[in-house]
Amino acid sequence: MNNNNKIFQFKLVLLGEAAVGKSSLVLRFVRGHFLDYQESTIGAAFLAQTVCLNDTTVKFEIWDTAGQERYHTLAPMYYRGAQAAIVVYDIRSEDSFERAIKWVKELQRQGSPNIVIALAGNKLDLAAKRRVETAEAQQYAEENGLLFMETSAKTSQNVNELFVEIAKKLPKTPTTRPGSAQTQSPPPLPTSTTIL
Amino acid sequence: MDEHYDCIVLGTGLKECIISGLLSVEGKKVLHMDRNGYYGGESASLSLDQLFEKFRGKGTKAPPTFGSSREYSVDLIPKFILSSGLLVKMLLHTDVVRYLEFKVVDGSYVKQSNKIHKVPSTDTEALASPLMGFFEKFSAKKFFAFVQDYEDDKPSTHNGMDLKKMPMKDVFKKFGLNADTIDFIGHAVSLYLNDDYLEKPAIETVNRMKLYAESMLKYKKSPYIYPLYGLGELPQSFARLSAIYGGTYMLNKPIEKVTFNDGKVHVTSEGETATADYVVADPTYFPDKVKKSGRIIRAICILNAPIPNTSNSESVQIILPQKQCGNRKNDIYVGVISSSHFVCAKGKFIAIVSTTVETENPEKELEPAYNLLGPIVEKFVSVTDFYEPITDGTQDKCFISKSYDATSHFETTCADVMDIYKRITGKDLVLTIHPNILQQQKEQQDEEGSEN
């Protein structure tokens, strides 16, 4: 990694109906950069991947839904503080597109005020069975200020491009997370004790 | 959901979510349901509209002067996290700490002689503090040094006392401490709710003092940390842990029936029945299996200014020891948080006053605390029963948690979790540090090493 580069870290969440290819999209993206990455779906809280732009490096901390979207029980803490979100639908399913629109609304209502949202129509390799037209999704994205791309996790088409576009659009300010400059995680267990 | 699980968990309060997470990580198949449409049960944090609706009736909305409703996450159960306490150990054991961000609480105050004083956080502050007279400080210093040096397995540090037998009041006597100092140590440092500890073996008080001191050392300002966006983030984070390890989550599930036969628990919701080897639940799911043992009053107060005499602190704890509030047996606590922890609109402060109910007019009991707060813009008062299970659950395979008590921290909450875990599995929960965190620490050290 270039030492002159500034590194910015962002929390990115995946949203969308079950089985639209959220995890595959991320695995495709992360694997492309780390061939030695060992895949594990159980116990993988989130994955990390970096995107190098001209003068900056963007590190994504990518949160997967852990299956909590299945019964609509995704907790608000999941997208709390996220600076970026990819809302995924399956271009073969109108229902999944409707669901994606609901997620966009939820993010606009409850998410961080400046969240960058990307809409991804996945499974482009199966375009023969398309039910959601590109123009329709494109128009929705434009009206709502979203990035938009149709992707295929299978062929990798537009996967890196999607993350790069998000990386470009994210604001590169010194404090990348609300409040994070002053916050802290508990350090490891204490090593010494004194009273008062 | 018509399946068999190792465990069905009912209610998504913090205790239930920690247990769900621990069991899932161990490879148990867990189904976790809640009758509410949100996570957290009694330990949820609410938006302002939700708060008005809960206390003022359905359809009631917060007045616009409070700012946007969604800026608020108001805890129903007020607590702070001791930074060396059990909850932090659980967060490090499970690596759930990575889902959350914390900030230190600015200060801790204690009421004495009708004034509030900062609990000293450094030796310098201790010397300057008006909480003790000059000669008293000398005796107290000797006592604190004894506690600091005390080690269970080193009799040379015991000063000839057997703390496992000797009642705390005799230890105080031996060091010649006066009533105000004892009150301060017992309530502001050891965080006892009442004076029952004086008759009990001293070792517990000594351990509590050590915990307080360790917690204080971490971030210096106060021994407490608090998560951004409110305590409601805690159960959600442990639920995520459970889900990552395969736990199934369902909200909005009314529980119609729970029966116990052929060695299995049958749980019916919306006409479907799931079975499990055992069930874990909060007391509201089993009113027939719990007993009432006390009442707790909590008053959520919204203020337009910081608490007077706290140096404009954005977050504080104030302890009102029972003796400082007339004829009381239990301390009153005030926990204050504000927009610096992302729990309310800028310029607002949320003060939650709570205590164990002693009379038929519980709200009057809170008056000494109300008097410290300055003008109260809005107030939401609840009096809730404290429940505990009648049996330990090992016979009927129904493990029920206790209600959340009036303590100002999570030590008893976590102790209950550890106890339930032991009742279920037959083994102690050993709180290690998660390998991910050890790895991170190593990387950080390596980085620091290479910079030098």
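1. Let's start with a small open sheet in chain B: its three strands run in the order S5-S9-S6, with antiparallel pairing. Strands here are DSSP runs (E, at least two residues), helices are DSSP runs too (H or I, at least four residues), and both are numbered from the N terminus. Two strands pair if DSSP finds at least two bridges between them. S5 (81–82) and S6 (102–104) of chain B stand at the edges with a single partner strand each, so one side of each has no neighbour in the sheet.

2. A word on the ground rules, since this is a predicted model: local features need pLDDT of at least 70, side-chain atom pairs count only at pLDDT 80 or more, and totals for chains, interfaces and linings use all residues. Residues are numbered from 1 along each chain as its sequence is written, chains are lettered from A and ligands numbered from 1 in the order in which they are written, and side-chain values use heavy atoms, leaving out hydrogens and water.

3. Back in the sheet, S5(B) meets strand S9 (residues 224–227) of chain B in the antiparallel sense, over two bridges. Within S9(B), B:Ile225 is the residue opposite B:Ile81.

4. Now the interior. The largest nonpolar core holds 169 residues, and A:Phe60, A:Ile86, A:Leu119, A:Ile166 and B:Phe143 have the most contacts inside it. Helix H8 (residues 202–219) of chain B gives the largest share of this core, eight residues. Such a core is a set of buried Ala, Val, Leu, Ile, Met, Phe, Trp, Tyr and Cys residues joined through side-chain atoms within 4.5 Å. A second, separate core has 23 residues, including B:Leu303 and B:Val357.

5. If you want one residue to click on, try A:Ile166. Beyond its neighbours within four places in sequence, A:Ile166 is in contact (heavy atoms within 4.5 Å) with A:Leu12, A:Phe60, A:Ala84, A:Ile86, A:Val116, A:Ala118 and A:Leu147.

6. On cysteines: there are zero disulfides over all chains, a disulfide being a pair of cysteine sulfur atoms within 2.5 Å. For B:Cys344, the nearest cysteine sulfur is that of B:Cys301, 13 Å away. B:Cys344 is buried at 4% relative accessibility, where buried means under 20% relative accessible area, exposed over 50% and partly exposed in between (1.4 Å probe, protein chains only). B:Cys398 is buried as well, at 2%; its sulfur is 10 Å from the closest one, in B:Cys7, too far for a bond.

7. Finally, B:Ser339 lies in the loop between strands S16 (332–338) and S17 (349–356) of chain B. B:Ser339 is buried, at 18% relative accessible area, and among the residues it touches are B:Cys344 and B:Lys348.
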